[in-house]
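Trainee: Before we discuss anything, could we put the sequence and the model side by side, please?
Mentor: Here they are; ask whatever you like once you have looked them over.

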Amino acid sequence: SERLPTMTRTWVYGRMDADAGLGTLVGTPTARIYASTSLTTAPTVFPFIMYRQTSDVEVFRGDDSDKVRSNGYMIFCHDVPGDYLQIDAMIAELRRLFADTNDPDEGIVRSRWVDTSDDLRDDDMGTITKYVRIQVLSRL
């Protein structure tokens, strides 16, 4: 029997959580990586990552015969106010994990880097932040 594809949310989190390079920045073995809707208070240990799914669309892959699911994600990198060096290092690791990659064993057709935000402040979290957007295509 054919294996069911992994949910892209699980795949995105799993890649971040299992990565040693990112782990040196956000902690190991318990990484400070949170689904944005799972938090009831702001984290107090820095830096940390928050992520959320932004879209879920079935699409054709160009030849109109092969449908895939397209999921968008925003990944926010937070740190204490100051310079953005730690955040930029986190973003470099995220780019390595998600820019133009695939994972056929998990049903991931392609992960694509969409963009990186400007330098931002998050007054609710008391941090500086930047976000990246990625698109993950998976087989249905």
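Trainee: What share of the accessible surface of the protein belongs to carbon and sulfur atoms?
Mentor: This is a predicted model, in which local features need pLDDT of at least 70 and side-chain atom pairs count only at pLDDT 80 or more, whereas totals for chains, interfaces and linings use all residues. Residues are numbered from 1 along each chain as its sequence is written, and side-chain values use heavy atoms, with hydrogens and water left out. Accessible areas come from the Shrake-Rupley method with a 1.4 Å probe, and for residues only the protein chains shown count as cover. The accessible surface of the protein comes to about 7700 Å², and the part of it that belongs to carbon and sulfur atoms is 48%.

Trainee: How many of the 140 residues, as a percentage, are buried?
Mentor: Buried means under 20% relative accessible area, exposed means over 50%, and partly exposed lies in between, with a 1.4 Å probe and protein chains only. By that criterion, the buried part of the 140 residues in the protein is 41%.

Trainee: In what pattern do the helices and strands follow one another along the sequence?
Mentor: Helices (H or I, at least four residues) and strands (E, at least two) are DSSP runs, numbered from the N terminus. The protein has three helices and seven strands, and read along the sequence their pattern is α-α-β-β-β-α-β-β-β-β.

Trainee: Why is the protein described as being as compact as a globular protein of its length, and what is its radius of gyration?
Mentor: The radius of gyration is taken over C-alpha atoms, and the globule rule is 2.2 Å times the number of residues to the power 0.38. For 140 residues that rule gives 14 Å, and the protein is close to this value, so it is as compact as a globular protein of that length, with a radius of gyration of 16 Å.

Trainee: Why does the pair of Tyr34 and Phe48 count as edge-to-face, and at what angle are the planes?
Mentor: Rings of Phe, Tyr and Trp (its six-membered ring) pair if their centres lie within 6.5 Å, and planes under 30 degrees apart count as stacked, over 60 as edge-to-face and the rest as tilted. The structure holds five aromatic pairs. In the pair of Tyr34 and Phe48 the ring centres are 6.1 Å apart, and the pair is edge-to-face because the planes are at 65°.

Trainee: Which residues do ring pairs link into a cluster with Phe48?
Mentor: Phe48 is buried at 0% relative accessibility, whereas Tyr34 is partly exposed at 24%. The rings of Phe46 and Phe48 have centres 5.8 Å apart and planes at 40°, so that pair is tilted. Ring pairs thus link Phe48 into a cluster with Tyr34 and Phe46.

Trainee: With which side chain does the side chain of Thr8 make a polar contact?
Mentor: Thr8 is placed in helix H1 (residues 8-18) and is buried, with a relative accessible area of 5%. A polar contact is a pair of N or O atoms within 3.5 Å; within protein, one must be able to donate a hydrogen and the other to accept it, and residues adjacent in sequence count only if both atoms are side-chain atoms. At 2.6 Å, the side chain that makes this contact with that of Thr8 belongs to Tyr73.
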